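Hi everyone, thanks for making time for this. I'd like to walk you through one model today, so please have a look at the screen.

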Amino acid sequence: MLAHLSGFVIAFLGWIPPLAIYLTKRNRSPVVRHHASEAANFQLTLLIPYLFACVAFIGLGIFFPELSWVGSLFIALIWVVAIVFGVLGASGANRGTWYRYPVSIRLLK
């Protein structure tokens, strides 16, 4: 459950706690391994839109300062998506069910 919830607390670095949990606890329980890998995969996948939003924020801030709010909006929307799916994953882990994020690149198995 901690792997899912830690992702949106740290935003850009949200992939570090689930990856640490995966690397340290993966051999103890298949349930922990599944949820930690799912959370890490989702947070690593979120790096792509976060980087795009940061580039948009900086680029618009430099060339069109009056539109720099668009980059901030993208970052906020990505963070809201991370919160919603993180809470859904944490509730699935709490119930003991096998939760899979709907949009995630499967890097860890």
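I'll begin with the overall picture, then go through the helices, the core, the aromatic rings and a few single residues.

First, please keep in mind that this is a predicted model. The mean pLDDT of the protein chain is 86, and 98% of its residues reach 70 or more. Where is confidence lowest, and where is it highest? It is lowest in H1, at a mean of 74, and highest in H3, at 90. As a general reminder, predicted coordinates should not be read in detail where pLDDT is low.

Now the fold. The protein chain has four helices and zero strands, so to read the elements from the N terminus you just say α-α-α-α. Along its principal axes, the C-alpha trace spans about 50 × 20 × 20 Å. The chain has 109 residues, and 33% of them count as buried. Its accessible surface comes to about 6,400 Å², with 77% of that belonging to carbon and sulfur atoms. And if you take the contacts with a separation of 6 or more, 65% of them are between residues 24 or more positions apart.

Let's move inside. The largest nonpolar core holds 13 residues, and Leu46, Ile78 and Tyr101 touch the most other members. Which elements give two or more residues to this core? They are helix H1, which is residues 2–10, along with H3 and H4. H3 gives the most, with six residues. To see one of those well-connected members, zoom in on Ile78: leaving aside residues up to four places away in sequence, Ile78 touches Leu46, Pro49, Tyr50 and Ala53.

Next, helix H4 on its own. With 27 residues at 1.5 Å a residue, H4 should span 39 Å, and its end C-alpha atoms are indeed 39 Å apart, so the two values agree. Which residues of H4 are buried? You can pick out Gly71, Ile78, Ala82, Gly86, Gly89, Ala90, Gly92 and Ala93. The buried residues of H4 pack against H1 and H3. For contrast, look at Val80, also in helix H4. Val80 has a relative accessible area of 45%, and because that lies between the 20% and 50% cut-offs, Val80 counts as partly exposed. From Val80 to Glu38, 42 residues away along the chain, the C-alpha atoms are separated by 18 Å. Just after H4, have a look at the backbone of Gly96, which takes a positive phi of about 85°.

On to the rings, which I enjoyed looking at. A pair of aromatic rings is described by the distance of the centres and the angle of the planes. Searching the whole structure turns up four aromatic pairs. One of them is Phe42 with Phe85, an edge-to-face pair at 5.8 Å centre to centre and 75° between the planes. This pair links distant parts of the chain, 43 residues apart: Phe42 sits in helix H3 (residues 30–63) and Phe85 in helix H4 (residues 69–95). Are these two rings' residues buried or partly exposed? Phe42 is buried, with a relative accessible area of 3%, whereas Phe85, at 21%, counts as partly exposed. The cut-off for buried is under 20%, which is why Phe85 misses that label.

Another pair is Tyr99 with Tyr101, again edge-to-face, at 5.2 Å centre to centre and 80° between the planes. Both Tyr99 and Tyr101 are buried. Ring pairs join Phe42, Phe85, Tyr99 and Tyr101 into a cluster, and you'll remember Tyr101 from the nonpolar core.

Last stop: Ala40 and Leu108. Ala40 is in helix H3 and, at 0% relative accessibility, counts as buried. What does Ala40 touch, not counting residues up to four places away in sequence? Its contacts are Pro18, Leu19 and Leu108. Ala40 and Ser104 are 64 residues apart in sequence, with their C-alpha atoms 9.5 Å apart in space.

Leu108 is found in the segment after H4. With the same sequence neighbours left out, Leu108 touches Leu19, Tyr22, Ser37, Ala40 and Asn41. Leu108 and Ala39 are 69 residues apart in sequence, yet 9.8 Å apart C-alpha to C-alpha.

That's my tour, and I'm happy to rotate the model for anyone who wants another look.

Terms used. Residues are numbered from 1 along each chain as its sequence is written. This is a predicted model: local features need pLDDT of at least 70, side-chain atom pairs count only at pLDDT 80 or more; totals for chains, interfaces and linings use all residues. Side-chain values use heavy atoms; hydrogens and water are left out. Rings of Phe, Tyr and Trp (its six-membered ring) pair if their centres lie within 6.5 Å; planes under 30 degrees apart count as stacked, over 60 as edge-to-face and the rest as tilted. Buried means under 20% relative accessible area, exposed over 50%, partly exposed in between (1.4 Å probe, protein chains only). Contact means heavy atoms within 4.5 Å. Accessible areas come from the Shrake-Rupley method with a 1.4 Å probe; for residues, only the protein chains shown count as cover. A nonpolar core is a set of buried Ala, Val, Leu, Ile, Met, Phe, Trp, Tyr and Cys residues joined through side-chain atoms within 4.5 Å. pLDDT is the predictor's confidence in each residue, from 0 to 100. The expected span of a helix is 1.5 Å times one less than its number of residues.
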